[in-house]
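Please look through the sequence and the model below before reading on. The paragraphs that follow lead from one contact to the next.

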Amino acid sequence: MSQKIEKGTVLVPGAVIDYADGGIVSKEVSHSQAGSITFFAFDEGQGLSEHSAPFDATVMVIDGEAEIKVGGVPHQVKAGEMIIMPANVPHALHAAKRFKMILTMIRG
C-alpha cells in the first residue's frame, strides 16, 4: 500500500517515487476537478505510446533524460528541464536513460 502524501509537507521530488527494473511506476499525489499532479519513474527503454489529452500537460524531469515527442517533433529533456504539451496535440515519450518526472495536468 502506498503512503499518502499530506498537503503542507515538504517533499524531495526525487525521493517520492522509486524505479522498478524494466517498468514504469506512477504515484498520483494530487487530484481535483481542476487537474492532477503525478510522479512517474521510467526504467531505461520504457515509454508511453503516442496519445493526446483534452487539456495541457506539463512534464518536469527531476532525474535522468527522456525523448518527448510533441506533435511528432522530438525533444531531449533532462533533469531540471520541463516541456508543456498542448491540449489535443499527440505526444509520446521514451526513456533514453532511467528518468523521473512530475506530470501536471490542468483542465481548462
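**Charged residues, strands and rings**

The side chain of Lys100 reaches the backbone oxygen of Ile17, at a distance of 2.8 Å. The model in which this contact appears is a predicted one, and the residue itself, Lys100, belongs to strand E7. Lys100 is buried and yet takes part in no salt bridge, since the nearest side chain of opposite charge, that of Asp18, lies 4.7 Å away. A salt bridge requires a side-chain nitrogen of Lys or Arg within 4 Å of a carboxyl oxygen of Asp or Glu.

Which residues, then, do form salt bridges? As background, side chains of opposite charge can pair when their charged atoms come close. The structure holds 3 salt bridges. In one of them the side chains of Asp21 and Arg98 meet, with 2.8 Å from N to O, and this pair links distant parts of the chain, given that Asp21 lies in the segment before strand E1 (24–32) whereas Arg98 lies in strand E7, 77 residues apart. The two partners can also be described by their accessibility: Asp21 is exposed, with a relative accessible area of 73%, while Arg98, at 31% relative accessibility, counts as partly exposed.

Asp43 also forms a salt bridge with Arg98, and here the closest N and O atoms are 2.9 Å apart. This pair too links distant parts of the chain, with Asp43 in the loop between E2 and strand E3 (47–51) and Arg98 in strand E7, 55 residues apart. Asp43 counts as buried, at 13% relative accessibility.

In a further salt bridge the side chains of Glu65 and Lys97 meet, at 4.0 Å from N to O; the pair links distant parts of the chain, with Glu65 placed in strand E4 and Lys97 in strand E7, 32 residues apart. Lys97 counts as partly exposed, at 47% relative accessibility. Salt bridges that share partners join Asp21, Asp43 and Arg98 into one network.

The strands that carry Glu65 and Lys97 are themselves paired: E4 and E7 run antiparallel and are joined by 13 bridges. Within this pairing, the bridge partner of Lys69 in E7 is Ala92. Strand E4 (residues 56–70) also pairs in the antiparallel sense with strand E5 (residues 73–78), over 6 bridges, and in E5 the bridge partner of Lys69 is Pro74. Lys69 can therefore be followed in two directions, to Pro74 in E5 and to Ala92 in E7. Glu65, which was met above as a salt-bridge partner of Lys97, stands opposite Lys78 in E5. The hairpin of E4 and E5 has 2 residues between the strands, and in this hairpin Gly71 takes a positive phi near 60 degrees. E4 pairs as well with strand E6 (residues 82–85), in the antiparallel sense and over 4 bridges, and Val59 stands opposite Ile83 in E6.

From the strands the path leads to the aromatic rings. How many aromatic pairs does the structure hold? There are 2 aromatic pairs. Phe40 and Phe42 form a pair that is stacked, with 5.7 Å from centre to centre and 25 degrees between the planes. Phe40 is buried, with a relative accessible area of 14%, and Phe42 is buried as well, with a relative accessible area of 0%. Phe42 also forms a stacked aromatic pair with Phe99, at 4.8 Å centre to centre and with 5 degrees between the planes. The pair of Phe42 and Phe99 links distant parts of the chain, with Phe42 in strand E2 (residues 35–42) and Phe99 in strand E7 (residues 91–106), 57 residues apart. Like Phe42, Phe99 is buried, and Phe40, Phe42 and Phe99 form one aromatic cluster.

One contact between a charge and a ring remains to be described. The charged end of Arg107 sits over the ring of Phe55, 4.7 Å from its centre.

To draw the account together, strand E7 recurs in several of these contacts: Arg98 in strand E7 pairs with Asp21 and with Asp43, Lys97 in strand E7 pairs with Glu65, and Phe99 in strand E7 pairs with Phe42. Lys100 lies in strand E7 too, where Lys100 is buried without a salt bridge and its side chain reaches the backbone oxygen of Ile17.

Technical notes
Residues numbered from 1 in each chain as written. Predicted model: local features only at pLDDT ≥ 70, side-chain atom pairs only at ≥ 80, totals over all residues. Heavy atoms only, no water. Phe/Tyr/Trp six-rings, centres within 6.5 Å; stacked < 30°, edge-to-face > 60°. Buried < 20%, exposed > 50% of the residue type's maximum accessible area, 1.4 Å probe, protein only. Lys NZ or Arg CZ within 6 Å of the ring centre and 35° of its normal. Lys, Arg positive; Asp, Glu negative; His and termini not counted. Polar contact = N/O pair within 3.5 Å; in protein donor to acceptor, adjacent residues only side chain to side chain.
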